[in-house]
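Biologist: I have a model open and would like to learn how to read it. Could you walk me through a few features?

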Amino acid sequence: MSRLDINATDPKAYRAVLALERYVQSSGLDRRLYELVKIRASQLNGCAYCLDMHLREARELGEDQRRLDIVAAWHEAPQFFTEAERAALALTEAITRIGRAGVPDPVWDEAAAHFSEEELVWLIMAISVINVWNRMAVATHQDLP
């Protein structure tokens, strides 16, 4: 059972996060890559609500089920992900777990080798907003649809 409905309690708070989500959606970030980022961060954060949503959305975008099945272990299956996707997933992990070691230079350098500065901004904002959504959903025990 959900503890709190943030949108019903304070719609302005919810809309603030939604504005960042809409920014990322309107950026040039590849939609399938964005779903992989959201899935990986949600796995790390243990967010069932977001995993349910983003796995479904990734399949609707034509994402291969086998890649979705192994994204949690992408390090072990590099042949299933492009170099750019692996760099984005590594950056997702570093930013999501930022308190452990920050974003190590090799992770940053690899991402910077595959994405322009503008694309890095989009990627950082994408990783940031899914982490906010995850924290909201996990903290409130958001019910699955």
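**Reading the model, feature by feature**

Modeller: Happily! This is a predicted model. Let us begin with the record: UniProt, in an unreviewed entry, places the feature "domain: Carboxymuconolactone decarboxylase-like" at residues 11-93.

Biologist: What is the helix and strand content over residues 11-93?

Modeller: That stretch is 73% helix and 0% strand. Its end C-alpha atoms are 30 Å apart.

Biologist: How should I read the span of helix α9?

Modeller: Compare it with the span expected at 1.5 Å a residue. Helix α9 covers residues 117-140, 24 residues, and its first and last C-alpha atoms are 35 Å apart, close to the expected 34 Å. Just after α9 comes histidine 141, with a positive phi of about 55°.

Biologist: And pockets? How does one find empty space?

Modeller: Rolling a probe the size of a water molecule over the atoms reveals where space is left empty. Here, the largest pocket has a volume of about 360 Å³. Its lining numbers 21 residues, with Tyr14, Tyr49, Met53, Trp133 and Gln142 nearest the centre.

Biologist: Which helix supplies the largest share of that lining?

Modeller: That is α4, with 5 residues. At least two lining residues come from each of α1, α2, α3, α4 and α9. By class, the lining has 10 nonpolar, 6 polar and 5 charged residues.

Biologist: Where does lysine 38 lie relative to tyrosine 34?

Modeller: Lysine 38 sits over the face of the tyrosine 34 ring, 4.0 Å from its centre.

Note on methods: Residues numbered from 1 in each chain as written. Predicted model: local features only at pLDDT ≥ 70, side-chain atom pairs only at ≥ 80, totals over all residues. Heavy atoms only, no water. UniProt positions renumbered as here; feature names shortened; annotations may be inferred. Helix = DSSP H or I, 4+ residues; strand = E, 2+ residues; numbered from the N terminus. Expected span 1.5 Å × (residues − 1). 1 Å grid on protein atoms, 1.4 Å probe; cavity = no way out; pocket = protein on both sides within 12 Å on 5 of 7 lines; lining within 4 Å. Points joined across faces, edges and corners; volume = space filled by probe spheres on them. Nonpolar A, V, L, I, M, F, W, Y, C, P; charged D, E, K, R; others polar. Lys NZ or Arg CZ within 6 Å of the ring centre and 35° of its normal.
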